Amino acid sequence: MKTFKWQPAGQRIIKTSVAVTLCLFYYMLRGYRGETMPAEAAITAIICMQPYVRDTRDYALNRFAGTLIGAAWGLGLLLLLYCVPALGENMLCLYTLMSLGVLLSLYSAVLLRVPDTSSLAAIVFLCIVIAFPDIESPLVQAANRMLDVFIGTVVAIAVNVF
């Protein structure tokens, strides 16, 4: 019978934990409690943390490109829903438009020759539009998601460098 032996935590585990802590503390200092923004920045830091600084930087740039694509389509759909309220009142129509937005986010990443970001673009799109109609400002919603990703990527790169 083999005995269990604890393995020491590797550098990537420690760096990821530090990055998540810094993201959460940043939002704590800004006064956020129980909202999704700290989690999204922390998740971005987890996803972006790679074994080497170069890989983290490259992944962070891809993550940001996907975020821009998804945020643009998310903002577009929210503006459409605010301009034509009848589209958001019918759940079948709303969910069809959301599905179309996922398709457009995925396909835009491919057309822009950043196919590795396609799934991230679709995820960001959904994060932006899924709370409709409980969104006060489409522009603020899209900007907040982009800020979260920016914070998570900057923290991941900074922690990996230092």
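The legends below walk through several views of this predicted model.

**Figure 1. The whole chain is an all-helix arrangement, with seven helices and zero strands.** Reading along the sequence, you will meet the pattern α-α-α-α-α-α-α. The C-alpha trace spans about 60 × 40 × 40 Å along its principal axes. The protein has 162 residues, and 38% of them count as buried. If you take the contacts between residues at least 6 apart in sequence, 72% of them join residues at least 24 apart.

**Figure 2. A salt bridge joins the side chains of Glu 40 and Arg 145.** Here the N to O distance is 2.7 Å. Glu 40 sits in helix 2 (residues 36–48) and Arg 145 in helix 7 (residues 138–161), so this pair ties together parts that are 105 residues apart in sequence. Are the two partners buried or exposed? Glu 40 has 19% relative accessibility and counts as buried, because the cut-off for buried is under 20%. Arg 145 is buried too, at 6% relative accessibility.

**Figure 3. Arg 145 also pairs with Asp 148 in a salt bridge.** The closest N and O atoms of Asp 148 and Arg 145 are 3.2 Å apart. Both residues belong to helix 7, where they are three residues apart and therefore separated by about one helical turn. Asp 148 is buried, and its relative accessible area is 0%.

**Figure 4. Glu 40, Arg 145 and Asp 148 make up a network of salt bridges.** This view brings the two preceding close-ups together. Arg 145 meets Glu 40 at 2.7 Å, N to O, and Asp 148 at 3.2 Å between the closest N and O atoms. As general background, side chains of opposite charge can pair when their charged atoms come close.

**Figure 5. Arg 54 and Asp 55 form a salt bridge.** How far apart are the closest N and O atoms of this pair? They are separated by 3.2 Å. Asp 55 has a relative accessible area of 25% and is partly exposed. For context, a search of the whole structure finds four salt bridges, and the pair of Arg 54 and Asp 55 is one of them.

**Figure 6. A nonpolar patch lies on the surface, formed by Leu 100, Leu 103, Tyr 107, Val 110 and Leu 111.** Together these residues have about 500 Å² of accessible area. Tyr 107, one of the members, lies in helix 5 (residues 91–111). With 48% relative accessibility, Tyr 107 counts as partly exposed. As a backdrop to this view, the accessible surface of the protein comes to about 9900 Å², and 69% of that belongs to carbon and sulfur atoms.

**Figure 7. Thr 3 is found in the segment before helix 1 (11–29).** Thr 3 is exposed, with a relative accessible area of 69%. Which separation does the chain show between Thr 3 and Ala 156? These two are 153 residues apart along the chain, and their C-alpha atoms are 36 Å apart.

**Figure 8. The charged side chains of the protein comprise 11 positive and 9 negative ones.** Where do the centres of the two sets lie relative to each other? They lie 16 Å apart. Among the charged residues to look for are Arg 145 and Asp 148, whose salt bridge appears in an earlier view.

Notes. Residues numbered from 1 in each chain as written. Predicted model: local features only at pLDDT ≥ 70, side-chain atom pairs only at ≥ 80, totals over all residues. Heavy atoms only, no water. Helix = DSSP H or I, 4+ residues; strand = E, 2+ residues; numbered from the N terminus. Buried < 20%, exposed > 50% of the residue type's maximum accessible area, 1.4 Å probe, protein only. Contact = heavy atoms within 4.5 Å. Areas by Shrake-Rupley, 256 points an atom, 1.4 Å probe, with all protein chains shown as cover. Lys, Arg positive; Asp, Glu negative; His and termini not counted. Charge placed at Lys NZ, Arg CZ, Asp CG, Glu CD. Patch = residues over 30% accessible without salt bridge, like charges linked within 9 Å, V, L, I, M, F, W, Y side chains within 5 Å.
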